[in-house]
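I am keeping these entries for a reader who has not met this structure before. Each entry records what I looked up and what I found.

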Amino acid sequence: MPQSNPLGEFLRARRARVSPAQAGLPATVGRRRTPGLCREELAALAGLSVDYYTRLEQGRERNPGPAVVEALAAALRLDPDERDHLGRLTDYAAGRRTTRPQPAPSASRPALDLLERVRPWPALLLARNGDVLAANPEGLALHAGLGEWPARRRNTVRYTFLHPAARSVLGDWEGAAAMGVANLHHWTSADPDAADLRQVREELAAASADFRRLWDRHHVRPRRSSHKVFHHPAVGDLRMEHQVWYLDHSSTRLSLYQPEPAHIDQVALLALSLDTHPRT
């Protein structure tokens, strides 16, 4: 997916999200050309000239200082994740940020041992782009159909958008899809030229209109713990606490799914675990 001006794309997407009323601007008479702030309004809110902001958004100005970045973040009402994202994009545009080649992610022996120890709770070890580095049997079984793919194709973002079972298995498909894309945006701004991220983006952009739609929203969020619901074809509905841990200050993460405390889902999850064991 081309990204010739990711800073400009992000600024346009974010100003379209902020209405004049949210920004404290007076109501205007007549039909507006944009659903959010126009360039002139955002420039005024950030204390910039319209010409300077226009050049920044178009990629003709590539070296905004920290005060400009902070003013834009405040005017666009960015949250902490989005502020970090904007800072990384401006550093990259200005050539201030260099990224070192990342070693290929792999599953360490302690991580593999942990996957086994947390059974029967489902768990997966994931790379920053969603590649499944390792999983316990319950982790694959929870994502019904994922284990049918060859190991090299197992990727949770690919699963969400391209596996035919995902839309029925994932209780909140739209939320899961948006989170997967937001996580890709987060890591892409940290390492814009990385092949592992680019390959997943380009594949999904070519194959899924939903991915293109969500990517163009430019929402940014790293994976964090949350609650998830699965409509599993074998054991029924599962309401899960999804815990996320990043290993050794790296981008590799452990995803652990546990049933909500004192809930009947624990019985269903144990049934799922038993179903993963070979029958004699």
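**Second largest pocket.** I began with the classes of the residues that line the second largest pocket, and I counted six nonpolar, six polar and five charged residues there. This is a predicted model, and I read every value below with that in mind. The pocket holds about 250 Å³ of space, and its lining is made of 17 residues, with Gly175, Ala176, Ser226, His227 and Lys228 lying nearest its centre. Which elements supply at least two residues each of this lining? I found that helix 10 (173–190) and strand 3 do, and that strand 3 gives the most, with five residues.

**A residue of helix 10.** I then looked at Ala178, which lies in helix 10. Is Ala178 buried or partly exposed? I noted it as partly exposed, because its relative accessibility is 23%, and buried would require a value under 20%. I also looked up how far Ala178 is from Leu256, and found their C-alpha atoms separated by 20 Å, with the two positions 78 residues apart along the chain.

**Largest cavity.** Turning to enclosed space, I found three cavities of 30 Å³ or more in the structure, the largest with a volume of about 150 Å³. I listed 15 residues in the lining of the largest cavity, and those nearest its centre are His143, Thr156, Arg223, Lys228 and Tyr257. Lys228 had already come up in my entry on the second largest pocket, among the residues nearest the centre there. Strand 1 (123–126), helix 8 (156–162) and strand 5 (253–259) each supply at least two residues of the cavity lining, and helix 8 has the largest share, four residues. By class, I wrote down seven nonpolar, five polar and three charged residues for this lining.

**The sheet.** Strand 1, strand 3 and strand 5 had now all come up, and I wanted to see how the strands are arranged. In what order do the five strands of the open sheet lie? I read the order as 2-1-5-4-3, with antiparallel pairing. Strand 2 (132–135) and strand 3 (226–232) are the edge strands, each pairing on one side only. On average, neighbouring strands of the sheet are turned by 30 degrees against each other, if direction is ignored. As a reminder to myself, strands of a sheet pair through backbone hydrogen bonds, either parallel or antiparallel.

**Pairs within the sheet.** I followed the pairing from strand 2 inward, and found three bridges joining strand 1 to strand 2 in the antiparallel sense, with Leu125 standing opposite Ala134 in strand 2. Strand 1 is also paired with strand 5, antiparallel and over four bridges, and here Leu126 stands opposite Arg253 in strand 5. How many bridges join strand 4 (residues 236–246) and strand 5? I counted seven, again in the antiparallel sense, and the bridge partner of Met240 in strand 5 is Pro259. The hairpin of strand 4 and strand 5 has six residues between the strands, and Asp248 in that hairpin takes a positive phi near 55 degrees.

**Cover over the sheet.** I checked the burial of strand 5 and found it mostly covered, with six of its seven residues buried. Helix 6 (residues 109–117) lies across strand 1, strand 2 and strand 5, and runs at about 160 degrees to strand 1.

**Helix 3.** Away from the sheet, I looked up which residues of helix 3 (residues 50–58) are buried, and noted Tyr52, Tyr53, Thr54, Leu56 and Glu57. What covers these buried residues? I found that the cover includes helix 1 (6–17), helix 2 (39–46) and helix 4 (66–75). Just after helix 3, Gly59 takes a positive phi of about 85 degrees.

**The whole protein.** I left the overall figures for last. The protein has 13 helices and five strands, and its C-alpha atoms fill a box of roughly 75 × 45 × 35 Å along the principal axes. Of its 280 residues, 46% are buried. Among the contacts with a separation of 6 or more, I found that 55% are between residues 24 or more positions apart.

Methods:
Residues are numbered from 1 along each chain as its sequence is written. This is a predicted model: local features need pLDDT of at least 70, side-chain atom pairs count only at pLDDT 80 or more; totals for chains, interfaces and linings use all residues. Side-chain values use heavy atoms; hydrogens and water are left out. Buried means under 20% relative accessible area, exposed over 50%, partly exposed in between (1.4 Å probe, protein chains only). Contact means heavy atoms within 4.5 Å. On a 1 Å grid over the protein atoms alone, a cavity is a set of points where a 1.4 Å probe fits but cannot get out, and a pocket is an open set with protein on both sides within 12 Å along at least five of seven lines; lining residues have an atom within 4 Å of a point. Grid points are joined across faces, edges and corners, and a volume is the space filled by probe spheres set on the points. Ala, Val, Leu, Ile, Met, Phe, Trp, Tyr, Cys and Pro count as nonpolar, Asp, Glu, Lys and Arg as charged, and the others, Gly among them, as polar. Two strands pair if DSSP finds at least two bridges between them. Axes are lines fitted to C-alpha atoms, for helices over the stretch in contact, and angles run from 0 to 180 degrees between N-to-C directions.
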